[in-house]
Amino acid sequence: RRPPSAESEGFDHLLIVFGGVAGIEESVDAHESMHLSGRDSRKLFDVWVNVCPYQGSRTIRSEEAVFITLARLSPYIARNATQSESASSIKPSK
């Protein structure tokens, strides 16, 4: 089964998670109460997106990552908002 995507399915809530220098996998491995390996950390999310897969440097500053991510995802977020507004404006006939 393909995971849901912002293109194919609407969503009610959106949570964007940024990993550290070593990535989200390392954070999951370091978390003492989480019983999941870093390799399996993708199971925590419905969709896992690398918004800068071909970055030229090892790290991106947090403020850059936020700007890049919002710029890359804004078309999908806007499309979902438009679809949500259209769906909520449809009223059942009596």
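This is a short talk on one protein chain, going from its overall make-up to a few residues in turn.

Before anything else, please keep in mind that the model is predicted.

I'll start with the whole chain. The protein has two helices and zero strands. Helix H1 covers 24-30, and helix H2 runs over residues 62-89. Of the 94 residues, 12% count as buried. The accessible surface comes to about 8100 Å², and carbon and sulfur atoms hold 53% of that surface. On contacts: if you take those with a separation of 6 or more, 46% of them are between residues 24 or more positions apart.

Now to helix H2, beginning with Ser-62. Ser-62 lies in this helix, and it is exposed because its relative accessible area is 55%, where exposed means over 50%. What is the C-alpha separation between Ser-62 and Gly-20? The answer is 9.0 Å, for two residues that are 42 residues apart along the chain.

Next, the charged side chains. How many salt bridges does a search of the whole structure find? It finds two. Arg-61 takes part in one with Glu-63, at 2.8 Å from N to O. Arg-61 also forms one with Glu-64, where the closest N and O atoms are 3.6 Å apart. Because the two bridges share a partner, Arg-61, Glu-63 and Glu-64 belong to one network, a salt bridge here being a Lys or Arg side-chain nitrogen within 4 Å of a carboxyl oxygen of Asp or Glu. As for Glu-64, its relative accessibility is 32%, so it counts as partly exposed.

Moving along helix H2, we come to Thr-69. Thr-69 is in helix H2. Is Thr-69 buried or exposed? Its relative accessibility is 5%, so Thr-69 counts as buried, the limit being under 20%. A polar atom of the Thr-69 side chain lies 2.7 Å from the backbone oxygen of Ala-65. Leaving aside residues up to four places away in sequence, Thr-69 touches Ile-16, Phe-18 and Val-51.

Two of those names come up again on the surface. Ile-16 and Phe-18 belong to a nonpolar patch, together with Leu-14, Val-66 and Leu-70. The patch has about 400 Å² of accessible area in total. Leu-70 is placed in helix H2. With a relative accessible area of 42%, Leu-70 is partly exposed.

Further on in the helix is Asn-80. Asn-80 also has its place in helix H2. Why does Asn-80 count as buried? Its relative accessibility is 8%, and buried means under 20%, so Asn-80 meets the limit. Which residues does Asn-80 touch, not counting residues up to four places away in sequence? They are Gly-10 and Phe-11.

Phe-11 deserves a word of its own. Phe-11 sits in the segment before helix H1. Its relative accessible area is 23%, so Phe-11 is partly exposed. Phe-11 and Ala-81 are 70 residues apart in sequence, while their C-alpha atoms are 8.9 Å apart in space.

Last, the aromatic rings. A pair of such rings is described by the distance of the centres and the angle of the planes. The count here is one aromatic pair. That pair is Phe-45 and Trp-48, with 5.6 Å from centre to centre and 75° between the planes. Why is the pair of Phe-45 and Trp-48 called edge-to-face? The planes are 75° apart, and over 60 degrees counts as edge-to-face, so the label follows. Phe-45 has 25% relative accessibility and therefore counts as partly exposed. Trp-48 has a relative accessible area of 26%, so Trp-48 is partly exposed as well.

To recap: there are two helices and zero strands. In helix H2, Thr-69 counts as buried at 5%, and Asn-80 counts as buried at 8%. Arg-61, Glu-63 and Glu-64 form one salt-bridge network. Phe-45 and Trp-48 form an edge-to-face pair. That is the end of the talk.

How values were computed. Residues numbered from 1 in each chain as written. Predicted model: local features only at pLDDT ≥ 70, side-chain atom pairs only at ≥ 80, totals over all residues. Heavy atoms only, no water. Helix = DSSP H or I, 4+ residues; strand = E, 2+ residues; numbered from the N terminus. Buried < 20%, exposed > 50% of the residue type's maximum accessible area, 1.4 Å probe, protein only. Contact = heavy atoms within 4.5 Å. Phe/Tyr/Trp six-rings, centres within 6.5 Å; stacked < 30°, edge-to-face > 60°. Patch = residues over 30% accessible without salt bridge, like charges linked within 9 Å, V, L, I, M, F, W, Y side chains within 5 Å. Areas by Shrake-Rupley, 256 points an atom, 1.4 Å probe, with all protein chains shown as cover. Polar contact = N/O pair within 3.5 Å; in protein donor to acceptor, adjacent residues only side chain to side chain.
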